[in-house]
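I opened this notebook to keep track of what I looked up, entry by entry, for someone who has not seen this structure before.

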Amino acid sequence: MARFLKYSLKILMYVFLLASLLANLTYRNHVGTFCHDAKKRKSTKYIIIHHDAVPWDCTFDDVNRTHLQRWNDYFPYTFYIKDGKINQMREIDQQTSHAFGYNENGIGICIHTPDKGRLVSRIELGAVIWYLQIKYDIPRSRVLGHGETAETECPAMDMDSLRLKCLTL
């Protein structure tokens, strides 16, 4: 019975997520634009949240160029949320270089936050987190901020508060 309820909840959440995405959000697929030969992630056990803190008018090319210059790697996040739009930047199962020690088993989401004190696109962030939690059976305890994996102020948000809004799996 517990297994039935768990799968019923997953199906219900997929329906809710799909309806939310179609009703309120714009989804853009940029897969293949920034990455050509990335290897597949070994597993997906963690969701790592990032912020970029770049100017409002930056483009995907600007973010990609910055990462190429600093770390010699293409766009490091699977999902990039900007201007109320969820942008898939990499294949869902590609390994990216977004959080040292978590690249082989974590998926990166970056939210565009030019003003570190003000977060936008929380609905979109929640939708992507829920989708990934359901797809990979990731508990809320494994939804981490980049700052919980390395010494950085990224993301500039209260991760405990965010985790309370995550699904309990």
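The entries below go from the overall layout to the cores, one strand, and the charged pairs.

**Entry 1, overall layout.** I note at the outset that this is a predicted model. I counted the secondary structure and found four helices and six strands, and reading from the N terminus I wrote their order down as α-β-β-α-β-β-β-α-β-α. The protein has 169 residues, of which 44% are buried. I also looked at contacts between residues at least 6 apart in sequence, and 73% of these join residues at least 24 apart. For the surface I noted about 9,300 Å² exposed, with 54% of it supplied by carbon and sulfur atoms.

**Entry 2, the cores.** I then looked up the largest nonpolar core, which has 18 residues, and among those with the most contacts inside it are Ile47, Phe79, Leu125 and Leu132. Two or more residues each come from strands E2 (46-51), E3 (79-82) and E5 (106-111) and from helices H3 (122-136) and H4 (159-164), and H3 gives the largest share, four residues. A second core, separate from this one, holds eight residues, including Phe60, Phe75, Tyr77 and Cys110.

**Entry 3, two leucines.** Leaving out neighbours within four places in sequence, I found Leu132 in contact with Ile47, Phe79, Ile92, Ile107, Ile109, Asp137 and Ile138. I turned next to Leu162, which is placed in helix H4. Is Leu162 buried or exposed? Its relative accessibility is 6%, and the limit for buried is under 20%, so Leu162 counts as buried. With residues up to four places away not counted, Leu162 touches Ile49, Arg122, Leu125, Ile129 and Met157. Leu162 and Leu125 are 37 residues apart along the chain, and I noted 9.7 Å between their C-alpha atoms.

**Entry 4, Asp137.** I looked up Asp137 because it is among the contacts of Leu132, and found Asp137 in the loop between H3 and strand E6 (143-145). Asp137 is not a glycine, yet it has a positive phi of about 55°, and with a relative accessible area of 37% it is partly exposed.

**Entry 5, strand E2.** Five of the six residues of E2 are buried, which leaves this strand mostly covered. E2 runs parallel to E5, joined to it by six bridges, and His50 stands opposite Cys110 in E5. E2 also runs parallel to E6, with three bridges between them, and there the bridge partner of Ile48 is Leu144.

**Entry 6, charged pairs.** How many salt bridges does a search of the whole structure find? I recorded three. Lys40 pairs with Asp93, with the closest N and O atoms 2.8 Å apart; Lys40 lies in the loop between strand E1 (26-29) and E2, and Asp93 in the loop between strand E4 (85-88) and E5, so the pair ties together parts 53 residues apart in sequence. Lys40 is exposed at 57%, while Asp93 is partly exposed at 27%. Glu104 and Lys42 meet in another salt bridge, at 3.6 Å from N to O, and this pair joins the loop between E4 and E5 to the loop between E1 and E2, so it ties together parts 62 residues apart in sequence. The remaining entry is Arg65 with Asp62, at 3.0 Å from N to O, and both lie in helix H2 (residues 60-71), three residues apart, about one turn of the helix.

Conventions: Residues are numbered from 1 along each chain as its sequence is written. This is a predicted model: local features need pLDDT of at least 70, side-chain atom pairs count only at pLDDT 80 or more; totals for chains, interfaces and linings use all residues. Side-chain values use heavy atoms; hydrogens and water are left out. A nonpolar core is a set of buried Ala, Val, Leu, Ile, Met, Phe, Trp, Tyr and Cys residues joined through side-chain atoms within 4.5 Å. Buried means under 20% relative accessible area, exposed over 50%, partly exposed in between (1.4 Å probe, protein chains only). Contact means heavy atoms within 4.5 Å. Accessible areas come from the Shrake-Rupley method with a 1.4 Å probe; for residues, only the protein chains shown count as cover. Two strands pair if DSSP finds at least two bridges between them. A salt bridge is a side-chain nitrogen of Lys or Arg within 4 Å of a carboxyl oxygen of Asp or Glu.
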